Amino acid sequence: FWVEATTGSGQHLRGLLKALAASEAPPDITLYIPKYTLRGVNPQRAPVRPRFISTPFDGHNLHLAKLWYEQFALPAAADRDGQDVLHVPYLGAPLLHRVPVVVTAHDMIPYLLPDYRSTVSVRAYMRLAAWSARRAQQVIAVSSSAAHDALRVLKLDSRRLHVVYNAVLDTLAPASLQERASTAARIGLPARYFVYLGGFDRRKN
């Protein structure tokens, strides 16, 4: 998700890496970026050391490239580099690994809403993601609701599940009343209005 800066997972990853790199005792972090995600995009400079990982399916099949990266290339790279821990910031951890794995569960939407698992290949991938989450050493849920759903849907060991809330980026601090009034006047907003910045997915209610 490094190149997908406008997605929630992309924002989460960028904020997390920026905060870790700026901490008092920053850990030695390698950011593994699959080459198939670049697709001609020049990746923005990361606050930590990046390493680009190839798969045999780059440029041929994005789905197979993603699967190979997650299940084979990523854990092999972490093992070769002698990493202490491999953090996968979404439900897509390797099933087999030598380096201890921590995986983050943002939500269980594909498991809860049938519209998100309409094909056999998607259902197979979700089953693999569930198995890999159960084999991870630790699972992070970003909310109590996500943790509750993860325990029920993924059948996780509650002792390995921890709620760690997402932080708010400093760039998202609310504007002052004066700034809001000035902006509203400049673009001609009425006294009452509604702004929606999300997608049109069915889960948006």
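# A walk through the predicted model

Glu 70 is buried, with a relative accessible area of 0%. That makes a good place to start in this predicted model. The side chain of Glu 70 meets that of Lys 66 in a salt bridge, at 2.6 Å from N to O. Both residues sit in helix α2. They are four residues apart, about one turn of the helix. Lys 66 counts as partly exposed, because its relative accessibility is 26% and the partly exposed class runs between 20% and 50%. Glu 70 falls under the 20% limit, so it is classed as buried.

Now step back to the chain. It holds six helices and six strands. From start to end the order is α-β-β-α-β-β-α-α-β-α-β-α. The C-alpha atoms fill a box of roughly 55 × 40 × 40 Å, taken along the principal axes. The protein chain has 205 residues, and buried ones make up 33% of them.

Return to the salt bridges. The count comes to six. One of them joins the side chains of Asp 28 and Arg 49, with 3.3 Å from N to O. Asp 28 lies in the loop between α1 and β1, while Arg 49 belongs to strand β2 (residues 49–53), so the pair ties together parts that are 21 residues apart in sequence. Asp 28 is exposed, with a relative accessible area of 63%. Arg 49 is partly exposed, at 43%.

Strand β2 takes part in another salt bridge, through Arg 51. Here the side chain of Arg 51 meets that of Asp 81, at 2.5 Å from N to O. Asp 81 lies in the loop between α2 (62–80) and β3 (86–88), and Arg 51 lies in β2, so this pair ties together parts that are 30 residues apart in sequence. Asp 81 is partly exposed, with a relative accessible area of 35%. Arg 51 also counts as partly exposed, at 26% relative accessibility.

The loop between α1 (8–21) and β1 (30–34) also holds Ala 22. Ala 22 counts as exposed, because its relative accessibility is 64% and the exposed class starts over 50%. Compare its place with that of Pro 50. Ala 22 and Pro 50 are 28 residues apart in sequence. In space they are 16 Å apart, C-alpha to C-alpha.

A longer span comes next. Arg 98 lies in the loop between β3 and β4 (101–105). Arg 98 counts as exposed, at 73% relative accessibility. Thr 183 stands 85 residues away from Arg 98 along the chain. Their C-alpha atoms are separated by 53 Å.

Which residues line the second largest pocket? They are Tyr 111, Arg 117, Arg 123, Met 126, Arg 127, Ala 130, Arg 134 and Val 153. The pocket has a volume of about 160 Å³. Helix α4 (residues 120–135) gives the most to this lining, with five residues. By type, the lining divides into four nonpolar and four charged residues, with no polar ones.

Beyond that helix, look at Lys 155. Lys 155 lies in the loop between α5 (144–154) and β6 (161–163). Its backbone deserves a look. Most residues other than glycine have a negative phi. Lys 155 is not a glycine, yet its phi is positive, about 55 degrees. Is Lys 155 buried or exposed? Lys 155 counts as exposed, because its relative accessibility is 61%.

The walk ends at a surface patch. Ile 187, Leu 189, Tyr 193, Val 195 and Leu 197 form this nonpolar patch. Together they have about 550 Å² of accessible area. Leu 189, one of the five, sits in the segment after α6 (177–187). Leu 189 counts as partly exposed, because its relative accessibility is 32%.

Terms used:
Residues numbered from 1 in each chain as written. Predicted model: local features only at pLDDT ≥ 70, side-chain atom pairs only at ≥ 80, totals over all residues. Heavy atoms only, no water. Patch = residues over 30% accessible without salt bridge, like charges linked within 9 Å, V, L, I, M, F, W, Y side chains within 5 Å. Areas by Shrake-Rupley, 256 points an atom, 1.4 Å probe, with all protein chains shown as cover. Salt bridge = Lys/Arg side-chain N within 4 Å of Asp/Glu carboxyl O. Helix = DSSP H or I, 4+ residues; strand = E, 2+ residues; numbered from the N terminus. Buried < 20%, exposed > 50% of the residue type's maximum accessible area, 1.4 Å probe, protein only. 1 Å grid on protein atoms, 1.4 Å probe; cavity = no way out; pocket = protein on both sides within 12 Å on 5 of 7 lines; lining within 4 Å. Points joined across faces, edges and corners; volume = space filled by probe spheres on them. Nonpolar A, V, L, I, M, F, W, Y, C, P; charged D, E, K, R; others polar.
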